[in-house]
Amino acid sequence: MIKLSTGEHHITLSASGKDYIDVEVIALTPGVFVNAENGEDVVITEQHIQALHDTYNARVDGERNKFGRKLKRIAHIKDDVLMAPVIEKPLPKAEDLTVAPVHQDHIVAQSTMLGRILGYVKLARDDNSMLCLLATLRVMGADNVSKVNLGALRAVSLGFNLEPDYTISEISFVPYGA
């Protein structure tokens, strides 16, 4: 797995509650980075970013489609006859699903889990017209929300694999960006 820190980013706070905050971050940009696992240089191109975007969003769609348009039967009695009408259960919204957690320092454990990526990742062009991968992170827990608001959690690092499968496994808040 490649672990790249993309630096401190402008964080957009899109929603919040008492125990959560939604944060939009730039998860990955093109460039040459140092892999935190082995110290080797990794060149990230716009094609890599596009492939990571497409694969991640296909995984979200796969999770969504697992629910299918399931039919649910709710039984009740009417005139001493057991009735079981069919009720269609709608598909969940993509933003309610996740296939990758948010951790601290790439330590994948329940104790370091800060939240999850919400729904789809997005593509956008930065000020230099470079393609960037954006993610909306739901950071959970009052202590973690406070750290985001105070700026203590502001640099992110993406954990992913490139070839052959282009998978995003997690995103972490890290102390120092690239």
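Q: Where does Pro 164 lie?
A: Welcome! This is a predicted model: local features need pLDDT (the predictor's confidence in each residue, from 0 to 100) of at least 70, side-chain atom pairs count only at pLDDT 80 or more, and totals for chains, interfaces and linings use all residues. Residues are numbered from 1 along each chain as its sequence is written, while side-chain values use heavy atoms and leave out hydrogens and water. Strands and helices here are DSSP runs numbered from the N terminus (strands: E, at least two residues; helices: H or I, at least four), and Pro 164 lies in the loop between β14 and β15.

Q: Which residue does a cis peptide bond join to Pro 164?
A: Most peptide bonds are trans, and most residues other than glycine have a negative phi. Here, though, omega is about 5° in a cis bond, and the partner of Pro 164 is Glu 163.

Q: How many bridges join β14 to strand β15?
A: Two strands count as paired if DSSP finds at least two bridges between them. Strands β14 (residues 155-161) and β15 (residues 167-174) run antiparallel. One pair of bridge partners is Leu 158 and Ile 171. The number of bridges joining β14 to β15 is seven.

Q: How many residues of strand β14 are buried?
A: Buried means under 20% relative accessible area, exposed over 50%, and partly exposed in between (1.4 Å probe, protein chains only). Strand β14 is mostly covered, and of its seven residues the number buried is six.

Q: Which residue in the turn of the β14 and β15 hairpin has a positive phi?
A: The hairpin has five residues between its strands. The residue in question is not a glycine, yet its phi is about 50°. With 15% relative accessibility it counts as buried, and it is Tyr 166.

Q: Is Asp 105 buried or partly exposed?
A: Asp 105 is in the loop between β10 (101-104) and β11 (113-117). Its phi is near 60°, a positive value in a residue other than glycine. With a relative accessible area of 34%, Asp 105 is partly exposed.

Q: Which residues of strand β5 point to one face and are buried?
A: Strand β5 covers residues 41-44, and its side chains alternate. Asp 41 and Val 43 point to the other face and are not buried. The buried pair is Val 42 and Ile 44.

Q: Which residue stands opposite Ile 44 in β5?
A: Strand β4 (residues 31-34) pairs with β5 in the antiparallel sense over four bridges. Their hairpin has six residues between the strands, and Gly 39 there takes a positive phi near 75°. Opposite Ile 44 stands Gly 31.

Q: Leaving aside its neighbours within four places in sequence, which residues is Asn 144 in contact with?
A: Asn 144 is found in helix α2 (residues 142-150). It is buried, with a relative accessible area of 13%. Contact means heavy atoms within 4.5 Å, and, beyond neighbours within four places, those touching Asn 144 are Leu 114, Val 139 and Leu 153.

Q: How many helices and strands does the protein have?
A: The protein has 178 residues, and buried residues make up 40% of them. Among contacts between residues at least 6 apart in sequence, 59% join residues at least 24 apart. The helices and strands come to two helices and 15 strands.

Q: What pLDDT does the protein average?
A: In the protein, 75% of the residues score at least 70, and the average is 79. Over residues 1-5, though, the score is below 50, and beyond near neighbours in sequence this stretch has 39 contacts in the model. Where pLDDT is low, the predicted coordinates should not be read in detail. The protein's average pLDDT is 79.
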